[in-house]
Amino acid sequence: MARSPPGRGWAPAPPPHRLRALARAWLDEDAPWPDAAAAAAGDAATRAELLSKAGGGPGGVLAGAPFAEAVFGVSGCRVTWRVPEGAALPPGRAVVAEVEGPAAGVLAGERVALNILGRCSGVASMAARAVGVARARGWAGVVAGTRKTTPGFRLAEKYALGVGGADPHRAGLGGLIMLKDNHRALAAATGGLEQMILGVRQAGGFTRRLEVECSSAEEALAAAGAGADIILLDNLAPQELHAAAAQVKAAHPGVTVEASGGIVLETLPQFLGPHIDMKMRRA
């Protein structure tokens, strides 16, 4: 059975050049020149505090520090963190970080950095809660995110999943060959599912695994028999899901079985089972 990485804080930060590129793009979007209000503040040395005000709640996790720090770095400021990345957020109002630099730079980066921290911390917190639910019930498989990410913010959201202890799944279309229901609907035009799988194998090379989305045990068994490495059982009711997963594992023990669709924090326990290796849910 696939296993999750140990603990939180597993996600590696993107390389500096990627962080700087994203920071510049976000700042350009938020503050096209000239920003009269920031210009009026001038370049006097300033110190500011970043606060967590709503309280972390159970499983609240800080995430997004490398991205926020890059934003302030591009605007000429430096950050000292009081709460480390991946740590539980303190309850109530708490100082998360201190920022020092020119007043105009602090003002330019302030809202962008706070938006990043809020979004990433939300993703990481939900991921941590989902992983906590799964582990509390003794399930050792992988809790993963989906590709339903915010355009322009995918790298940050995938990173935040890792900070929360979940798997980011594929980063994009090139990370894993995946045939979804829309692909399978076109399979007849390519000679059937087996021929389509052969075609994507040839196009994708031997280094990448193939996942096929299926909506029934019959489709899953056909896809596994045709050479799929991963079977994604999508939008099946829990009882139907576990029965289909058991059939796939009995016939193809080496195939990874993934479940998705209708899985939220409240329903997650219903989808945990001995034949499911991975759960995919939106954080």
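## Reading a predicted model: rings, burial and backbone

Mentor: The structure holds 3 aromatic pairs. Keep in mind that this is a predicted model.

Trainee: How do I read one pair? What are the distance and angle for Trp26 and Phe153?

Mentor: Take the distance between ring centres, then the angle between ring planes. For Trp26 and Phe153 the centres are 5.3 Å apart and the planes make 50 degrees, a tilted pair.

Trainee: Where do Trp26 and Phe153 sit along the chain?

Mentor: Trp26 is in helix 1, residues 16–30. Phe153 is in the loop between strand 4 (142–144) and helix 5 (154–163). The two are 127 residues apart, so the pair links distant parts of the chain.

Trainee: Are these two rings buried or exposed?

Mentor: Look at relative accessibility. Buried means under 20%. Trp26 is at 12%, so Trp26 counts as buried. Phe153 is at 11%, so Phe153 is buried too.

Trainee: Why is the pair of Phe67 and Tyr159 called edge-to-face?

Mentor: Planes over 60 degrees apart count as edge-to-face. Here the planes stand at 70 degrees, so the pair earns that label. The ring centres are 5.4 Å apart.

Trainee: Which helices hold Phe67 and Tyr159?

Mentor: Phe67 lies in helix 3 (residues 65–74), and Tyr159 lies in helix 5. They are 92 residues apart in sequence, so this pair also ties separate parts together. Both Phe67 and Tyr159 are buried.

Trainee: Which residues form the aromatic cluster?

Mentor: Trp26, Phe67, Phe153 and Tyr159 form one cluster.

Trainee: Let's step back. How many helices and strands are there?

Mentor: Count 9 helices and 9 strands. The C-alpha trace spans about 70 × 40 × 25 Å along its principal axes. Of the 283 residues, 47% are buried.

Trainee: What are the domains, and how far apart are their centres?

Mentor: Domain 1 covers 16–133 and domain 2 covers 173–279. Their C-alpha centres lie 39 Å apart.

Trainee: What share of the contacts join residues at least 24 apart?

Mentor: First set aside pairs that are close in sequence. Among contacts between residues at least 6 apart, 70% join residues at least 24 apart.

Trainee: What about the surface and the charges? How many positive and negative side chains are there?

Mentor: There are 29 positive and 25 negative side chains. The centres of the two sets lie 3 Å apart. The exposed area is about 13,500 Å², with 56% of it from carbon and sulfur atoms.

Trainee: Now a single residue. Which residues does Ala220 contact, beyond its neighbours within four places in sequence?

Mentor: Ala220 touches Cys214, Ile231, Leu233 and Val248. Ala220 sits in helix 8, residues 217–226. Its relative accessibility is 0%, so Ala220 is buried. For a distance exercise, try Gly105. Gly105 is 115 residues from Ala220 along the chain, and their C-alpha atoms are 55 Å apart.

Trainee: Last topic, the backbone. What is phi of His169, and what is phi of Asn235?

Mentor: Start with the general rule. Most residues other than glycine have a negative phi. His169 has a positive phi, near 60 degrees. Asn235 also has a positive phi, near 60 degrees.

Trainee: Where are His169 and Asn235 placed?

Mentor: His169 is in the loop between helix 5 and strand 5 (177–179). Asn235 is in the loop between strand 7 (230–234) and helix 9 (238–251).

Trainee: Is each one buried or exposed?

Mentor: His169 is at 15% relative accessibility, so His169 counts as buried. Asn235 is at 57%, so Asn235 counts as exposed.

Technical notes
Residues numbered from 1 in each chain as written. Predicted model: local features only at pLDDT ≥ 70, side-chain atom pairs only at ≥ 80, totals over all residues. Heavy atoms only, no water. Helix = DSSP H or I, 4+ residues; strand = E, 2+ residues; numbered from the N terminus. Buried < 20%, exposed > 50% of the residue type's maximum accessible area, 1.4 Å probe, protein only. Contact = heavy atoms within 4.5 Å. Areas by Shrake-Rupley, 256 points an atom, 1.4 Å probe, with all protein chains shown as cover. Lys, Arg positive; Asp, Glu negative; His and termini not counted. Charge placed at Lys NZ, Arg CZ, Asp CG, Glu CD. Domains from an automatic or database assignment. Phe/Tyr/Trp six-rings, centres within 6.5 Å; stacked < 30°, edge-to-face > 60°.
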